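Student: I have a model open and I'd like to learn how to read it. Could you walk me through it, beginning with confidence?

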Amino acid sequence: MSMKLMVKAMELKVGNSTRKLVLLKLADNANDSGECYPSYKHIADLCEIERRTAMRHIQKLEEDGFLEVEKRKGPKGNSSNIYLLTLDKGGDKKSLGGGDTGSPHSDTGSLGGGDPVSPGISHSFESVNEPSCNVDANASTSKPDKIPYSEIADMFNEIFEKTTLPSVRTLEGSSNYVKKRRRLAAQCWKEVGCSLERMRTYLEDFRNSAKPFYFGMQPGSNWRADFDFLMRPETVEKTRDGRICEVRLHA
(Lines give C-alpha, C1' and ligand atoms only; values in the text may rest on other atoms or scores of the structure.)
Protein backbone atom coordinates (compact mmCIF):
# COMPACT_ATOMS: atom_id res chain seq x y z
CA MET A 1 0.00 0.00 0.00
CA SER A 2 1.20 3.49 -0.86
CA MET A 3 0.01 6.08 1.65
CA LYS A 4 1.39 8.82 -0.61
CA LEU A 5 -0.84 7.72 -3.49
CA MET A 6 -3.81 7.14 -1.17
CA VAL A 7 -3.61 10.74 0.07
CA LYS A 8 -3.19 12.08 -3.46
CA ALA A 9 -6.13 10.01 -4.75
CA MET A 10 -8.30 11.19 -1.88
CA GLU A 11 -7.73 14.81 -2.90
CA LEU A 12 -8.63 14.27 -6.57
CA LYS A 13 -11.95 14.97 -8.26
CA VAL A 14 -12.82 12.12 -10.64
CA GLY A 15 -16.47 12.95 -11.31
CA ASN A 16 -18.16 9.98 -9.64
CA SER A 17 -18.24 8.60 -6.12
CA THR A 18 -17.91 4.95 -7.14
CA ARG A 19 -15.07 5.78 -9.50
CA LYS A 20 -13.32 7.54 -6.63
CA LEU A 21 -13.71 4.39 -4.52
CA VAL A 22 -12.21 2.25 -7.30
CA LEU A 23 -9.27 4.65 -7.63
CA LEU A 24 -8.68 4.54 -3.89
CA LYS A 25 -8.71 0.74 -3.98
CA LEU A 26 -6.10 0.75 -6.75
CA ALA A 27 -3.96 3.17 -4.74
CA ASP A 28 -4.35 0.89 -1.72
CA ASN A 29 -2.91 -2.00 -3.76
CA ALA A 30 -0.16 0.01 -5.46
CA ASN A 31 3.48 0.28 -4.51
CA ASP A 32 5.16 3.70 -4.30
CA SER A 33 5.83 3.57 -8.04
CA GLY A 34 2.08 3.33 -8.67
CA GLU A 35 2.05 -0.26 -9.94
CA CYS A 36 -0.52 -2.86 -8.95
CA TYR A 37 -2.38 -5.76 -10.53
CA PRO A 38 -5.56 -6.62 -8.59
CA SER A 39 -8.21 -8.50 -10.55
CA TYR A 40 -11.57 -6.99 -11.46
CA LYS A 41 -13.21 -9.43 -9.06
CA HIS A 42 -10.96 -8.36 -6.19
CA ILE A 43 -11.67 -4.67 -6.85
CA ALA A 44 -15.39 -5.30 -7.21
CA ASP A 45 -15.60 -7.35 -4.00
CA LEU A 46 -13.75 -4.76 -1.92
CA CYS A 47 -15.76 -1.85 -3.36
CA GLU A 48 -19.05 -3.80 -3.06
CA ILE A 49 -19.94 -3.28 -6.71
CA GLU A 50 -20.49 -5.48 -9.73
CA ARG A 51 -17.43 -6.65 -11.64
CA ARG A 52 -18.64 -4.99 -14.85
CA THR A 53 -19.07 -1.75 -12.93
CA ALA A 54 -15.47 -1.99 -11.76
CA MET A 55 -14.35 -2.59 -15.35
CA ARG A 56 -16.30 0.42 -16.58
CA HIS A 57 -14.86 2.76 -13.98
CA ILE A 58 -11.31 1.54 -14.62
CA GLN A 59 -11.83 2.21 -18.32
CA LYS A 60 -13.06 5.75 -17.53
CA LEU A 61 -10.14 6.39 -15.16
CA GLU A 62 -7.79 5.36 -17.94
CA GLU A 63 -9.56 7.65 -20.45
CA ASP A 64 -9.31 10.57 -18.02
CA GLY A 65 -5.59 10.00 -17.51
CA PHE A 66 -5.60 8.82 -13.90
CA LEU A 67 -4.02 5.47 -14.77
CA GLU A 68 -2.43 3.46 -17.56
CA VAL A 69 -3.35 -0.15 -18.23
CA GLU A 70 -0.84 -2.68 -19.50
CA LYS A 71 -2.59 -5.72 -20.94
CA ARG A 72 -0.58 -8.93 -20.84
CA LYS A 73 -1.58 -11.80 -23.14
CA GLY A 74 -1.73 -15.34 -21.81
CA PRO A 75 -0.98 -18.53 -23.76
CA LYS A 76 -4.67 -19.02 -24.63
CA GLY A 77 -5.32 -15.44 -25.63
CA ASN A 78 -6.61 -14.34 -22.23
CA SER A 79 -5.25 -11.27 -20.49
CA SER A 80 -4.58 -9.78 -17.10
CA ASN A 81 -3.95 -6.13 -16.39
CA ILE A 82 -1.14 -4.27 -14.67
CA TYR A 83 -2.13 -0.75 -13.61
CA LEU A 84 0.17 2.24 -13.36
CA LEU A 85 -1.38 5.14 -11.46
CA THR A 86 -0.67 8.51 -13.13
CA LEU A 87 -2.56 10.73 -10.71
CA ASP A 88 -0.65 13.89 -11.63
CA LYS A 89 -1.76 13.57 -15.25
CA GLY A 90 -5.44 12.94 -14.64
CA GLY A 91 -8.36 15.34 -14.77
CA ASP A 92 -7.53 17.24 -17.96
CA LYS A 93 -10.70 16.18 -19.78
CA LYS A 94 -13.62 18.53 -20.44
CA SER A 95 -15.88 16.52 -18.19
CA LEU A 96 -14.63 13.95 -15.75
CA GLY A 97 -18.08 12.75 -14.90
CA GLY A 98 -19.19 12.15 -18.49
CA GLY A 99 -22.68 10.74 -18.50
CA ASP A 100 -22.03 8.33 -15.69
CA THR A 101 -23.05 10.03 -12.47
CA GLY A 102 -24.81 8.97 -9.34
CA SER A 103 -24.28 6.92 -6.21
CA PRO A 104 -22.70 3.47 -6.07
CA HIS A 105 -26.20 1.99 -6.10
CA SER A 106 -27.12 3.69 -9.35
CA ASP A 107 -23.99 2.28 -11.02
CA THR A 108 -25.11 -1.29 -10.66
CA GLY A 109 -28.63 -0.66 -11.84
CA SER A 110 -27.74 -0.32 -15.50
CA LEU A 111 -25.82 -3.56 -15.87
CA GLY A 112 -28.59 -5.55 -17.47
CA GLY A 113 -27.69 -5.11 -21.12
CA GLY A 114 -25.50 -2.48 -22.70
CA ASP A 115 -22.81 -1.74 -20.17
CA PRO A 116 -19.98 -0.21 -22.22
CA VAL A 117 -16.84 -2.26 -21.72
CA SER A 118 -13.74 -1.85 -23.82
CA PRO A 119 -13.10 -4.93 -26.00
CA GLY A 120 -9.45 -4.68 -25.04
CA ILE A 121 -10.20 -5.47 -21.40
CA SER A 122 -10.29 -9.14 -20.61
CA HIS A 123 -13.10 -10.90 -18.77
CA SER A 124 -10.84 -13.65 -17.47
CA PHE A 125 -7.54 -14.02 -15.71
CA GLU A 126 -5.54 -16.82 -17.26
CA SER A 127 -1.96 -17.23 -16.15
CA VAL A 128 0.12 -14.82 -18.18
CA ASN A 129 3.36 -15.10 -20.11
CA GLU A 130 5.38 -11.93 -20.43
CA PRO A 131 6.62 -11.77 -24.04
CA SER A 132 9.34 -9.21 -23.31
CA CYS A 133 10.87 -11.27 -20.54
CA ASN A 134 13.55 -13.61 -21.86
CA VAL A 135 13.76 -16.25 -19.16
CA ASP A 136 15.18 -19.73 -19.40
CA ALA A 137 13.83 -21.49 -16.32
CA ASN A 138 16.00 -24.54 -17.06
CA ALA A 139 19.24 -22.61 -17.47
CA SER A 140 22.28 -24.00 -15.69
CA THR A 141 23.19 -22.24 -12.49
CA SER A 142 26.69 -21.73 -13.87
CA LYS A 143 25.46 -19.56 -16.75
CA PRO A 144 24.83 -15.84 -16.35
CA ASP A 145 21.15 -14.90 -16.41
CA LYS A 146 18.94 -11.90 -15.88
CA ILE A 147 16.98 -13.26 -12.95
CA PRO A 148 18.16 -11.81 -9.59
CA TYR A 149 17.86 -15.04 -7.62
CA SER A 150 19.76 -13.79 -4.59
CA GLU A 151 17.65 -10.63 -4.40
CA ILE A 152 14.46 -12.68 -4.66
CA ALA A 153 15.57 -14.94 -1.82
CA ASP A 154 16.59 -11.98 0.35
CA MET A 155 13.29 -10.25 -0.38
CA PHE A 156 11.33 -13.36 0.59
CA ASN A 157 13.22 -13.68 3.86
CA GLU A 158 12.73 -9.99 4.65
CA ILE A 159 8.98 -9.96 3.94
CA PHE A 160 8.22 -13.18 5.82
CA GLU A 161 10.76 -12.68 8.62
CA LYS A 162 8.06 -12.13 11.26
CA THR A 163 5.82 -14.96 10.06
CA THR A 164 6.02 -18.71 10.50
CA LEU A 165 7.13 -19.40 6.92
CA PRO A 166 10.56 -21.03 6.63
CA SER A 167 13.34 -18.83 5.29
CA VAL A 168 15.32 -19.49 2.12
CA ARG A 169 18.97 -20.32 2.74
CA THR A 170 20.24 -19.88 -0.80
CA LEU A 171 19.35 -20.03 -4.46
CA GLU A 172 22.98 -20.40 -5.50
CA GLY A 173 24.66 -23.69 -6.25
CA SER A 174 24.39 -26.66 -8.57
CA SER A 175 22.45 -29.21 -6.54
CA ASN A 176 19.20 -30.59 -7.96
CA TYR A 177 17.33 -29.02 -5.05
CA VAL A 178 18.68 -25.56 -5.85
CA LYS A 179 18.02 -26.03 -9.57
CA LYS A 180 14.41 -26.93 -8.83
CA ARG A 181 13.96 -23.81 -6.72
CA ARG A 182 15.55 -21.65 -9.39
CA ARG A 183 13.16 -23.06 -11.99
CA LEU A 184 10.22 -22.18 -9.76
CA ALA A 185 11.64 -18.71 -9.09
CA ALA A 186 12.09 -18.19 -12.83
CA GLN A 187 8.46 -19.12 -13.47
CA CYS A 188 7.27 -16.72 -10.76
CA TRP A 189 9.58 -13.97 -12.04
CA LYS A 190 7.99 -14.29 -15.47
CA GLU A 191 4.46 -14.51 -14.05
CA VAL A 192 4.71 -11.29 -12.02
CA GLY A 193 6.27 -9.34 -14.87
CA CYS A 194 10.06 -9.63 -14.54
CA SER A 195 10.46 -6.90 -11.94
CA LEU A 196 11.68 -6.86 -8.33
CA GLU A 197 9.04 -4.25 -7.50
CA ARG A 198 6.29 -6.48 -8.86
CA MET A 199 7.76 -9.47 -7.05
CA ARG A 200 7.68 -7.48 -3.80
CA THR A 201 4.08 -6.42 -4.44
CA TYR A 202 3.08 -10.04 -5.00
CA LEU A 203 4.85 -11.37 -1.89
CA GLU A 204 3.43 -8.60 0.29
CA ASP A 205 -0.05 -9.22 -1.12
CA PHE A 206 0.23 -12.88 -0.14
CA ARG A 207 1.50 -12.02 3.33
CA ASN A 208 -1.29 -9.51 3.93
CA SER A 209 -4.22 -11.47 2.49
CA ALA A 210 -3.54 -15.21 2.87
CA LYS A 211 -5.54 -17.14 5.44
CA PRO A 212 -3.84 -18.36 8.66
CA PHE A 213 -3.94 -21.86 7.15
CA TYR A 214 -1.05 -20.96 4.85
CA PHE A 215 1.08 -19.98 7.86
CA GLY A 216 0.50 -23.29 9.65
CA MET A 217 -1.92 -21.77 12.16
CA GLN A 218 -4.91 -24.01 11.52
CA PRO A 219 -5.62 -26.62 14.22
CA GLY A 220 -5.05 -30.17 13.05
CA SER A 221 -2.86 -29.18 10.11
CA ASN A 222 0.90 -29.65 10.00
CA TRP A 223 1.31 -28.00 6.60
CA ARG A 224 2.40 -24.45 5.88
CA ALA A 225 3.40 -22.58 2.76
CA ASP A 226 7.03 -22.14 1.81
CA PHE A 227 9.13 -20.46 -0.86
CA ASP A 228 8.44 -23.18 -3.42
CA PHE A 229 4.69 -22.88 -2.88
CA LEU A 230 4.71 -19.11 -3.34
CA MET A 231 6.74 -19.41 -6.54
CA ARG A 232 4.07 -21.55 -8.22
CA PRO A 233 2.16 -19.78 -11.04
CA GLU A 234 -1.17 -20.95 -9.61
CA THR A 235 -0.36 -19.31 -6.26
CA VAL A 236 0.48 -16.05 -8.02
CA GLU A 237 -2.77 -16.21 -9.97
CA LYS A 238 -4.93 -16.88 -6.91
CA THR A 239 -3.20 -14.12 -4.94
CA ARG A 240 -3.68 -11.69 -7.82
CA ASP A 241 -7.37 -12.59 -8.08
CA GLY A 242 -7.96 -12.27 -4.34
CA ARG A 243 -8.77 -15.98 -4.03
CA ILE A 244 -5.89 -16.75 -1.67
CA CYS A 245 -8.07 -15.47 1.19
CA GLU A 246 -11.04 -17.59 0.10
CA VAL A 247 -9.83 -20.94 -1.18
CA ARG A 248 -7.42 -23.42 0.35
CA LEU A 249 -4.74 -24.57 -2.09
CA HIS A 250 -3.40 -28.06 -1.78
CA ALA A 251 0.28 -28.42 -1.02
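Tutor: Sure. Over residues 136–144, pLDDT (the predictor's confidence in each residue, from 0 to 100) stays under 50. For that stretch the model has seven contacts beyond four places in sequence, a contact being heavy atoms within 4.5 Å. This is a predicted model, where local features need pLDDT of at least 70, side-chain atom pairs count only at pLDDT 80 or more, and totals for chains, interfaces and linings use all residues. Residues are numbered from 1 along each chain as its sequence is written, and side-chain values use heavy atoms, with hydrogens and water left out.

Student: Where else does pLDDT stay under 50?

Tutor: Over residues 247–251, for which the model has 14 contacts beyond four places in sequence. The chain averages a pLDDT of 76, and 72% of the residues score at least 70.

Student: Which elements have the lowest and highest mean pLDDT?

Tutor: Elements are DSSP runs numbered from the N terminus: helices (H or I, at least four residues) and strands (E, at least two). Here, helix H5 (residues 104–108) has the lowest mean, 43, and helix H9 (residues 227–231) the highest, 94. In total there are 10 helices and three strands.

Student: Now salt bridges. What is the idea?

Tutor: Side chains of opposite charge can pair when their charged atoms come close. The cut-off is a side-chain nitrogen of Lys or Arg within 4 Å of a carboxyl oxygen of Asp or Glu. This structure holds 11 of them. Take Lys-41 and Asp-45, which meet at 2.9 Å, N to O. Both lie in helix H3 (residues 40–47), four residues apart, about one turn of the helix.

Student: Which salt bridge does Glu-70 form with an Arg?

Tutor: Glu-70 pairs with Arg-198, their closest N and O atoms being 3.3 Å apart. That pair links distant parts of the chain, with Glu-70 in strand E2 (residues 67–73) and Arg-198 in helix H8 (residues 196–209), 128 residues apart.

Student: Is Arg-198 buried or exposed?

Tutor: Check relative accessible area: buried means under 20%, exposed over 50%, partly exposed in between (1.4 Å probe, protein chains only). Arg-198 counts as buried because its value is 10%, while Glu-70 is partly exposed at 30%.

Student: What does Arg-200 pair with?

Tutor: Glu-158, with the closest N and O atoms 3.0 Å apart. Arg-200 sits in helix H8 and Glu-158 in helix H6 (residues 149–159), so this pair too links distant parts of the chain, 42 residues apart. Arg-200 is partly exposed at 27%, and Glu-158 is partly exposed at 45%. Finally, salt bridges that share partners join Glu-35, Glu-70 and Arg-198 into one network.
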